[in-house]
Amino acid sequence: MRGIEAGRFRCRHCHRLAYASTRADAVDRPRRRVQRIRMRLGGTANLQAPFPSKPPRMHRRTYWRRCDEAAAAEAAYTAALLTVLEQTSARIERAADQPLE
């Protein structure tokens, strides 16, 4: 029993591991949501690729609902990304204003 406790066979709590979704920040969550919706519609996770067309046998209303969900998640992703960029820009400006020692 002692060998198992000291070895590699431990739970994720003992190894202090976390799921990727737990570590996701405000920028990652909406991006991952858009990618998940695109994959569900048969497209790729690439946000630069054209939005996937309606899969066969999917109801039109379901497709348009998913399109609306993807658009809302893309807007949230863009807003979060702009916030991070503004914070980074402000941090760079503050660092540039400080004299070198």
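Biologist: Which side chain meets the side chain of Asp-28 in a salt bridge?

Modeller: Before we look, keep in mind that this is a predicted model. Asp-28 sits in helix H3, and three residues along, about one turn of the helix, lies its partner, Arg-31. An α-helix has 3.6 residues a turn, so residues three or four places apart point the same way. With N to O at 3.0 Å, the side chain that Asp-28 meets is that of Arg-31.

Biologist: Are Asp-28 and Arg-31 buried, exposed or partly exposed?

Modeller: Partly exposed means between 20% and 50% relative accessible area. Asp-28 has 26%, so it falls in that range. Arg-31 has 23% and so belongs there too. For Asp-28 and for Arg-31, the class is partly exposed.

Biologist: How many salt bridges does the count come to?

Modeller: One is the pair of Asp-28 and Arg-31 in helix H3. Another is formed by Arg-33 with Glu-69, where the closest N and O atoms are 3.9 Å apart. The count of salt bridges comes to two.

Biologist: How many residues apart along the chain are Arg-33 and Glu-69?

Modeller: The salt bridge of Arg-33 and Glu-69 links distant parts of the chain, with Arg-33 in helix H3 and Glu-69 in helix H4. Arg-33 has a relative accessible area of 37%, so it is partly exposed, and Glu-69 at 26% is partly exposed as well. Along the chain, the distance between Arg-33 and Glu-69 is 36 residues.

Biologist: What span is expected for helix H3 at 1.5 Å a residue?

Modeller: Helix H3 covers residues 28-40, which makes 13 residues. Its first and last C-alpha atoms are 18 Å apart, close to the expected value. At 1.5 Å a residue, that expected span is 18 Å.

Biologist: Within what arc do the buried residues of H3 fall?

Modeller: The buried residues of H3 are Pro-30, Val-34, Gln-35, Ile-37 and Arg-38. Look down the axis of H3 and you can see that they line one face of the helix, because they fall within an arc of 160 degrees.

Biologist: Which helix gives the most residues to the largest nonpolar core?

Modeller: The largest nonpolar core has six residues: Ile-37, Leu-41, Met-58, Tyr-63, Cys-67 and Ala-70. Ile-37 is found in helix H3, and at 1% relative accessibility it counts as buried. The most, three residues, comes from the helix that covers residues 60-97, helix H4.

Biologist: Which residues form a nonpolar patch on the surface?

Modeller: One of them is in helix H4, namely Leu-81. At 33% relative accessibility, Leu-81 counts as partly exposed. Together the patch residues have about 260 Å² of accessible area, and they are Leu-81, Leu-82 and Leu-85.

Biologist: Which residue has a positive phi although it is not a glycine?

Modeller: Most residues other than glycine have a negative phi. Here is a residue in the loop between H3 and H4, Arg-57, and its relative accessible area of 87% makes Arg-57 exposed. With a phi of about 70 degrees, the residue you asked about is Arg-57.

Biologist: How far apart in space are Ser-21 and Arg-32, C-alpha to C-alpha?

Modeller: Ser-21 is found in helix H2, residues 20-23. At 47% relative accessibility, Ser-21 counts as partly exposed. Ser-21 and Arg-32 are eleven residues apart in sequence, and in space their C-alpha atoms are separated by 9.2 Å.

Note on methods: Residues are numbered from 1 along each chain as its sequence is written. This is a predicted model: local features need pLDDT of at least 70, side-chain atom pairs count only at pLDDT 80 or more; totals for chains, interfaces and linings use all residues. Side-chain values use heavy atoms; hydrogens and water are left out. A nonpolar core is a set of buried Ala, Val, Leu, Ile, Met, Phe, Trp, Tyr and Cys residues joined through side-chain atoms within 4.5 Å. Buried means under 20% relative accessible area, exposed over 50%, partly exposed in between (1.4 Å probe, protein chains only). Helices (H or I, at least four residues) and strands (E, at least two) are DSSP runs, numbered from the N terminus. Patches are made of residues with over 30% relative accessible area and no salt bridge: like charges are joined within 9 Å, nonpolar side chains (Val, Leu, Ile, Met, Phe, Trp, Tyr) within 5 Å. Accessible areas come from the Shrake-Rupley method with a 1.4 Å probe; for residues, only the protein chains shown count as cover. A salt bridge is a side-chain nitrogen of Lys or Arg within 4 Å of a carboxyl oxygen of Asp or Glu. The expected span of a helix is 1.5 Å times one less than its number of residues. The arc is that of the directions from the helix axis to the C-beta atoms.
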